[in-house]
Amino acid sequence: EAKKIPNPEYVDDDAVYKFADFGFIGFDLWQVKGGTIFDNVIITDDKAEADSFAKKWKAISEVEKKSKAEEDAKKAAEAPKPEAGEDEDDDDEDEDDNKDSEEM
């Protein structure tokens, strides 16, 4: 624990973080994966409002997940499938390259 020293000018203020009006808010984000979308941001000090927002967000999120799964399944069904005996990845070229480098 940190050493405590007397500070006679200290006044505890429980409302130091409260503001009547926010002129703006900014986010400093570092994306590891491109295409990330941030939406449905709420800033509040009212627990009931936050809980209500969370319920709405979860309902919307479930619908979006279901729609995404359906869309992915549709794309997978429409994707051309390789014919029998045809490889998606042509490994023969890689083997030839390795033989050439071994001979050198």
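Here is a short chat about how the labels on this predicted model were reached.

Reader: What makes up the protein chain, in helices and strands?
Author: There are two helices and zero strands in the chain. Buried residues make up 1% of its 104 residues. The accessible surface comes to about 10,800 Å², and carbon and sulfur atoms hold 53% of that.

Reader: How many salt bridges are there in the whole structure?
Author: A search of the whole structure turns up three.

Reader: What makes Lys4 and Glu1 a salt bridge?
Author: Their closest N and O atoms are 3.5 Å apart. The cut-off is within 4 Å, for a side-chain nitrogen of Lys or Arg and a carboxyl oxygen of Asp or Glu. So the pair counts as a salt bridge.

Reader: Why is Lys4 called exposed?
Author: Lys4 has 68% relative accessibility, and exposed means over 50%, so the label fits. Glu1, its partner, is at 90% and therefore counts as exposed too.

Reader: How do you know that Asp51 forms a salt bridge with Lys47?
Author: Here the closest N and O atoms are 3.0 Å apart, and the limit is 4 Å. Asp51 and Lys47 both sit in helix H1, four residues apart, which is about one turn of the helix.

Reader: Why is Asp51 called partly exposed?
Author: Its relative accessible area is 37%. Buried would need under 20% and exposed over 50%, with partly exposed in between, so Asp51 lands in the middle class. Lys47, at 59%, counts as exposed because that is over 50%.

Reader: What about Lys68 and Asp72, how far apart are their closest N and O atoms?
Author: They are 3.0 Å apart, and the two residues form a salt bridge. This pair also lies in helix H1, four residues apart, about one turn of the helix.

Reader: Why is Lys68 exposed?
Author: Lys68 has a relative accessible area of 51%, and the line is drawn at over 50%, so Lys68 counts as exposed. Asp72 has 37%, so it is partly exposed.

Reader: Which residues make the nonpolar surface patch?
Author: Phe19, Phe22, Ile25, Phe27, Leu29, Phe38, Val41 and Ile43 make it, and the patch is about 880 Å².

Reader: Why is Ile43 called partly exposed?
Author: Ile43 has 48% relative accessibility. That value falls between the 20% and 50% cut-offs, so partly exposed is the right label. Ile43 is placed in the segment before helix H1 (47-78).

Note on methods:
Residues numbered from 1 in each chain as written. Predicted model: local features only at pLDDT ≥ 70, side-chain atom pairs only at ≥ 80, totals over all residues. Heavy atoms only, no water. Patch = residues over 30% accessible without salt bridge, like charges linked within 9 Å, V, L, I, M, F, W, Y side chains within 5 Å. Areas by Shrake-Rupley, 256 points an atom, 1.4 Å probe, with all protein chains shown as cover. Buried < 20%, exposed > 50% of the residue type's maximum accessible area, 1.4 Å probe, protein only.
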